[in-house]
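Thanks for coming. I will go through one chain today, starting with confidence and ending with the cysteines.

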Amino acid sequence: VTHCLMNALGNQLVIPEDAGDDALLSIALKAMSSDPKDRYQSVEQMQGAVRQYRRHAESIALTDRSTDLLAQAQQTSDYQTYARAVFGFRDAIDLWPDNTAACDGLLSARLAYSVSVTP
């Protein structure tokens, strides 16, 4: 409890190690920045960031699911699971072409599949 209170006193945010590259967490961290210059300059800007996140939420969810499928496919070397991961990444990119995680995932899935089927 003391540690938490000291962090609050010093405005120190403790980010979970498994948070990864979470877009919603990034919005929250920017909104709570200690330096006012680093925060959103208006409520409208923050609302815009949240709206953009919500528009891309389906693509993000597909990317997350496809990442899990890719990990499963790499463990089992199952063609169908690789195919599901590839198609999931493609669908995520179709919904949001700038989804870099999905683009990276698609490349990783294709590479992992090609390596797994090499005699």
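**Confidence, core and cysteines**

The protein chain has a mean pLDDT of 90, and 96% of its residues reach 70 or more; pLDDT is the predictor's confidence in each residue, from 0 to 100. This is a predicted model, in which local features need pLDDT of at least 70 and side-chain atom pairs count only at pLDDT 80 or more, while totals for chains, interfaces and linings use all residues. Residues are numbered from 1 along each chain as its sequence is written, and side-chain values use heavy atoms, with hydrogens and water left out.

Among the elements, helix H1 (residues 2-9) has the lowest mean pLDDT, 85, and H4 the highest, 95. Helices here are DSSP runs of H or I, at least four residues, numbered from the N terminus.

Now the core. A nonpolar core is a set of buried Ala, Val, Leu, Ile, Met, Phe, Trp, Tyr and Cys residues joined through side-chain atoms within 4.5 Å. The largest one has 13 residues, and those with the most contacts inside it include Leu70, Phe89 and Leu106. Helices H3 (43-76), H4 (79-95) and H5 (100-116) each give two or more residues to this core, and H4 gives the most, with six.

Leaving aside neighbours within four places in sequence, Leu106 is in contact (heavy atoms within 4.5 Å) with Val86, Phe89, Arg90 and Ile93. On the same basis, Ser66 contacts Ala85, Gly88 and Phe89. Ser66 lies in H3 and is buried, because its relative accessibility is 2% and buried means under 20% relative accessible area, exposed over 50%, partly exposed in between (1.4 Å probe, protein chains only).

Last, the cysteines. Cys4 is exposed at 55%, and Cys103 is partly exposed at 28%. How many disulfides does a search of the whole structure find? Zero, taking a disulfide as a pair of cysteine sulfur atoms within 2.5 Å.
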